Amino acid sequence: MEIVSVNVSAVREVAAGGKVLRTGIFKAPAGDRVHLGERGLSGDDQADRRHHGWPTQAAYAFAAEEYPHWQAFLSRLTLPHGSFGENLTVAGLDDDTVCIGDVYRVGGARVEVTFPRVPCSTLAAALGSPQIVKAFLERARCGPYLRVLTPGEVGVGDTMTRESAHPLGLSLREAMILMHAPDPSRTRCAEAASIEAMDERWRTKFAAKAEGR
């Protein structure tokens, strides 16, 4: 896997649906190497600290290969990297093979996969498409949030290389489908809840699903 864009943004206020929205979703290429620390990339910010900005969400990565699909869905000729709010646009990232708890070397940093990104109304507003939230969930190729284990600089052209694989092999795509399935496997939900690297909010939800709640 290779980083093709490193994207950051300050918090902005934009008009959406008759309201003023404060958001950091409008990422743009940084144009240089950027320090990736435990709270994220230098120069990047989040407005909604209740749902973003946790150590398990220090950075968000998204597959470059997904762009043509969403360009067609949105009837756009082009979409600049960072359009989905991702910090790292990564060529070769596959939600079927990247697993929660996997550890990767990214440039000078080491990161751990914590959980898949869940689309929200902010993404819909940013892209001007109310339908994209449902479509994003159904496609289940949303990309990973990352915890930073070792800070370091990252930049375009850096590789993202798996250093260790979690033994349970719960891929991002399987986790997303499992989380939203009407009748998921309780055994697999219990296994998911046991992954210490996973964001605690997701672990709690999987534990409840394992008990049939």
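This report describes the sheets, one buried acidic residue and several salt bridges of the structure shown above.

The structure is a predicted model, in which local features need pLDDT of at least 70 and side-chain atom pairs count only at pLDDT 80 or more, whereas totals for chains, interfaces and linings use all residues. Residues are numbered from 1 along each chain as its sequence is written, and side-chain values use heavy atoms, with hydrogens and water left out.

## The two sheets

Helices (H or I, at least four residues) and strands (E, at least two) are DSSP runs that are numbered from the N terminus, and two strands are said to pair if DSSP finds at least two bridges between them. One open sheet has eight strands in the order β4-β1-β8-β7-β11-β10-β9-β13, and its pairing is mixed. At its edges stand β4 (28-29) and β13 (160-164), each of which pairs on one side only.

Strand β8 (88-91) illustrates the mixed pairing of this sheet. With β1 (residues 2-8) it pairs in the antiparallel sense over four bridges, and here Ile 3 has Val 90 as its bridge partner, while Glu 2 stands opposite Ala 91. With β7 (residues 59-63), by contrast, β8 pairs in the parallel sense over three bridges, and Phe 62 stands opposite Thr 89. The chain passes from β7 through α1 to β8 in a β-α-β crossover that is right-handed, a term which means that, with the strands pointing away from the viewer, the path from the first strand over the helix to the second runs clockwise.

A second open sheet has three strands in the order β6-β5-β12, with antiparallel pairing. Its edges are formed by β6 (40-41) and β12 (152-154), and because each has a single partner strand, one side of each is left without a neighbour in the sheet. Strand β5 (residues 34-37) runs antiparallel to β12 and is joined to it by three bridges, with His 35 standing opposite Glu 153.

## Glu 86, a buried acidic residue

Glu 86 is found in the loop between α1 (67-74) and β8. What does Glu 86 lack, although it is buried? Glu 86 has no salt bridge, and the nearest side chain of opposite charge, Arg 117, is 6.2 Å away. In these terms, buried means under 20% relative accessible area, exposed means over 50%, and partly exposed lies in between (1.4 Å probe, protein chains only). A salt bridge is a side-chain nitrogen of Lys or Arg within 4 Å of a carboxyl oxygen of Asp or Glu.

Glu 86 does have polar partners: its side chain and that of Tyr 67 are joined by a polar contact of 2.6 Å, and a polar atom of its side chain lies 3.0 Å from the backbone nitrogen of Gly 82. A polar contact is a pair of N or O atoms within 3.5 Å; within protein, one must be able to donate a hydrogen and the other to accept it, and residues adjacent in sequence count only if both atoms are side-chain atoms. Not counting residues up to four places away in sequence, Glu 86 also touches several others, including Asn 7, Lys 27 and Phe 62, where contact means heavy atoms within 4.5 Å.

## Salt bridges

Side chains of opposite charge can pair when their charged atoms come close. By the rule given above, the count comes to 15 salt bridges, and three of them are set out here.

| Pair | Closest N to O | Location |
|---|---|---|
| Asp 44 and Lys 27 | 2.7 Å | loop between β6 and β7; loop between β3 (19-23) and β4 |
| Glu 163 and Arg 110 | 2.8 Å | strand β13; strand β10 (residues 109-116) |
| Lys 134 and Glu 138 | 2.5 Å | both in helix α3 |

Asp 44 and Lys 27 are both buried. Glu 163 counts as partly exposed because its relative accessibility is 41%, and Arg 110 is partly exposed too, with a relative accessible area of 21%. Lys 134 counts as exposed at 55% relative accessibility, and so does Glu 138 at 55%; these two residues are four residues apart, about one turn of the helix.

Arg 33, Glu 153 and Asp 158 are linked in a network of salt bridges. Glu 153, found in strand β12, counts as partly exposed at 42% relative accessibility, and its C-alpha atom is separated by 9.0 Å from that of Leu 41, although the two residues are 112 residues apart along the chain.

Methods:
Lys and Arg count as positive and Asp and Glu as negative; His and the chain ends are not counted.
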